[in-house]
Amino acid sequence: MANEGLPGGPLPGLTRWQQLRFEEGRLLFENEFALADGLGPAYNAKSCKTCHGGKGTSGGAGFSPLQTIDLVAKRQPKSRFPATQKASDIFSKTEAADLDYFLKSGGPVVLRNSITDDAGLKLPPGCKYESLKAKPSDAEFVSKRYAPQLYGLGFINSISDGALSYWQNRQAQPGGAGGKTAQLKAVSAVLQSTGRFGSKAQEATLIQYIARDLCGQIGITNPLNKGNSASSVIPDCLKNLLPADPNDDGSKLSKINFYLSLLAPPPRAVMSPAARRGEQRFQTIGCASCHMPAMQTPEKVYLINPDCPLSEVLSGTAEDARSSSLADEKPKFVEVKALEDKQMQAYSDLLLHDLGPGLADGYAEGAAGGSQWRSAPLWGLRYRRYYLHDGRAASLSAAIRLHGGQAAASAKAFAALSEVEKRELLAFLESL
Ligand code: HEC
Ligand code: HEC
């Protein structure tokens, strides 16, 4: 591969057909969407790569403030928390049902750009369009998120809901890390329903997360995300000027899904003896109980066939998602051997943990409450410059220091290490 040793290439062992579809998806990931494609009307960026593009690679995280997003909410009018209670006092207690996500004003995502001023669309006289361009003054909960690397996500997508429940049960035992699965609603019989994508595990499948950002960040409506987050505030006089919904019939979504599913995990560095000692310590001070070093992918892995219309795929049965019929000219799913029975070294249990008041933001999302976060996968750490969900930590030791709640004991154990031991542990993290 051109990128030998660098992240951004496909998994090894793809068939010729898979490689071609991977390339096709990569082009769409880098593509700048235009007015005619359905861009906006409000949006944060014109391409996936703008946010998920590192040094010359697609799928990586960059370091610009434009690669962060803001999610906003306030408590419901009939909230169980009285208005007299300070928002910061209820950060750890909020659940999705407690919050008003500014949907009526185009929330929950603040969208910095709109086609009426950035992409040059002229509105007819008297037609007014106002999207949510800045945090509303009455927003009580603002969650900043920093765009992550997208390497290796096909592995994470392949882990079964059952496996995540199994790890939850293991962690529920005395002395366990107490992680919780994010139980979400299944939107189709062919899709799993335990959250594992996003820093609050707010989506269960890769294609759903892609649909969320394709629509939510760029404004391209699609079969899995029909309303642009700003669609409720689009006046008819503007709607008439826009391409019909859904902007993408699912073919672009499906191709990007295939690309990201086959994007290889970041390559690991050779470990020095010091890093090996750090790896040991990572286990003994309890980091590995949440940042689980490895999970095994299933023996059979099927991906949504980008050549089959997505609407057909989504109306399929659970059985379709576990098979690929050779008799079918365009099967709904295709088997991908490159993802099968592999050791995934993501360093995450993909479960939700309460990390305490320091990191809590009150922004409940999906099944996660205001202080819960998915154990961040640590693979690819050496390609990152900022850490934690909002990039607030500029060094690995700062990120560890900020761990509280269920991770407080292991953060304390880290603080108690000698300088040499700390350096060894950091050397291990920097090898990932
Ligand atoms: C304006 C910036 C922005 C754009 C544009 C954007 N994203 Fe994202 N994306 C983010 C942020 C921020 C997050 C992290 C959200 C969180 O932590 O909950 C994210 C998360 C994701 C995730 C979840 C990753 C994980 O590890 O769980 C996927 C997958 C993803 N984006 C894919 C895409 C694709 C594909 C596109 C283009 C269709 C895209 N994104 C466009 C900012 C963006
Ligand atoms: C109880 C579970 C738990 C334990 C124990 C734990 N972590 Fe974490 N870790 C998390 C969660 C959850 C996050 C995500 C927090 C966020 O994004 O705000 C995280 C984030 C991180 C990050 C930032 C990753 C990134 O991509 O930004 C690093 C680095 C990290 N942990 C290292 C460690 C180390 C080292 C230890 C042991 C001293 C440790 N963690 C112990 C749950 C845990």
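**Two ligand shells and one helix**

Let me open with a contact: in this predicted model, a polar side-chain atom of Gln202 sits 2.8 Å from an oxygen atom of ligand 1. That is a polar contact, meaning a pair of N or O atoms within 3.5 Å; within protein, one must be able to donate a hydrogen and the other to accept it, and residues adjacent in sequence count only if both atoms are side-chain atoms.

Some ground rules. Residues are numbered from 1 along each chain as its sequence is written, and chains are lettered from A and ligands numbered from 1 in the order in which they are written. Local features need pLDDT of at least 70, side-chain atom pairs count only at pLDDT 80 or more, and totals for chains, interfaces and linings use all residues; side-chain values use heavy atoms, with hydrogens and water left out.

Stay with ligand 1. Ser199 puts a polar side-chain atom 2.4 Å from an oxygen atom of the ligand. Asp213 has one 2.7 Å from a nitrogen atom of ligand 1. Around ligand 1 there are 28 residues, each with a heavy atom within 4 Å of it. Cys48, Cys51, His52, Ser199 and Asp213 are the closest. By type, the shell has 18 nonpolar residues (Ala, Val, Leu, Ile, Met, Phe, Trp, Tyr, Cys and Pro). Three are charged (Asp, Glu, Lys and Arg count here), and seven are polar (the others, Gly among them).

Which helix gives the most to this shell? α6, with seven residues. α2, β5 and α8 each supply at least two. Helices are DSSP runs of H or I, at least four residues; strands are runs of E, at least two; both are numbered from the N terminus.

Now α8, residues 251–262. Nine of its 12 residues are buried (under 20% relative accessible area, 1.4 Å probe, protein chains only), so α8 is largely enclosed by the rest of the structure. Among them are Phe258 and Tyr259. The buried residues pack against α1, α4, α6, β9, α11 and β10, with contact meaning heavy atoms within 4.5 Å.

On to ligand 2. Its shell has 25 residues, and Cys287, Cys290, His291, Leu388 and His403 come nearest. His291 places a polar side-chain atom 2.8 Å from a nitrogen atom of ligand 2. His403 does so at 2.8 Å, also to a nitrogen atom. Leu388 uses its backbone: a polar atom there is 2.6 Å from an oxygen atom of ligand 2. α10, β13, α12 and α14 each supply at least two shell residues. The shell divides into 15 nonpolar, eight polar and two charged.

Terms used. Buried < 20%, exposed > 50% of the residue type's maximum accessible area, 1.4 Å probe, protein only.
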